[in-house]
Amino acid sequence: MSPLTHFDAQGQAHMVDVAAKAATHRIAVAQGRIDMQPATLALIVSGSAKKGDVLGIARIAGIMAAKKTSDLIPLCHPLALTRVALELVTAPADGNDTGSVTCTATVETVGPTGVEMEALTAVNIALLTIYDMCKAVDRGMTINDVKLLEKHGGKSGSFVSG
């Protein structure tokens, strides 16, 4: 039997049956960063980007993405999320002459399966939204270090990134 749960005994992809799993409180926290020119970050921080409130729109995009994860990732279960929170923190240029925005998404539910994919999707879409809103002035932005920081709940217990 494969340790990959999305494959059956014949190696065919399938949606995992979670009917027998206990509904528990589940939390996942993911994070990622978008690096950009200092002038691009200045536009974001000052609120003078032509497309509007970049961070506010990115936050809403991330929340919407978490809610739509099962429409984007083929074998994800649709979940009734109880909380989606995004924190967007700006950091001025460092020694590499880049500014950045770090996005941290916290997603919660009470159910039979975890919310790691929802948290990761929220981060990615929030960062892609920043890219979209600022690409006219900085096509060299890079999205980096997207990862699961922690998850809690369920049979497998807790995971905290080292």
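I looked first for the largest nonpolar core (buried Ala, Val, Leu, Ile, Met, Phe, Trp, Tyr and Cys residues joined through side-chain atoms within 4.5 Å; buried means under 20% relative accessible area with a 1.4 Å probe, protein chains only) and found 30 residues in it, with Met36, Val101 and Ile130 having the most contacts inside. Strand 1, helix 1, helix 2, strand 2, strand 3 and helix 4 each give two or more residues to this core, and helix 4 gives the most, with 9 residues. Helices (H or I, at least four residues) and strands (E, at least two) are DSSP runs, numbered from the N terminus.

I note that this is a predicted model, in which local features need pLDDT of at least 70 and side-chain atom pairs count only at pLDDT 80 or more, while totals for chains, interfaces and linings use all residues. Residues are numbered from 1 along each chain as its sequence is written, and side-chain values use heavy atoms, with hydrogens and water left out.

I then listed the contacts of Met36 (heavy atoms within 4.5 Å), leaving aside neighbours within four places in sequence, and among them are Leu41, Ile44, Val101 and Ile130.

Next I turned to helix 1, residues 38-46, where the buried residues are Thr40, Leu41 and Ile44. Seen down the axis, these fall within an arc of 95° (taken from the directions from the helix axis to the C-beta atoms), so they line one face of helix 1. Their cover includes strand 1, helix 2, strand 2, strand 3 and helix 4. After helix 1 comes Gly47, with a positive phi near 75°.

Technical notes:
Buried < 20%, exposed > 50% of the residue type's maximum accessible area, 1.4 Å probe, protein only.
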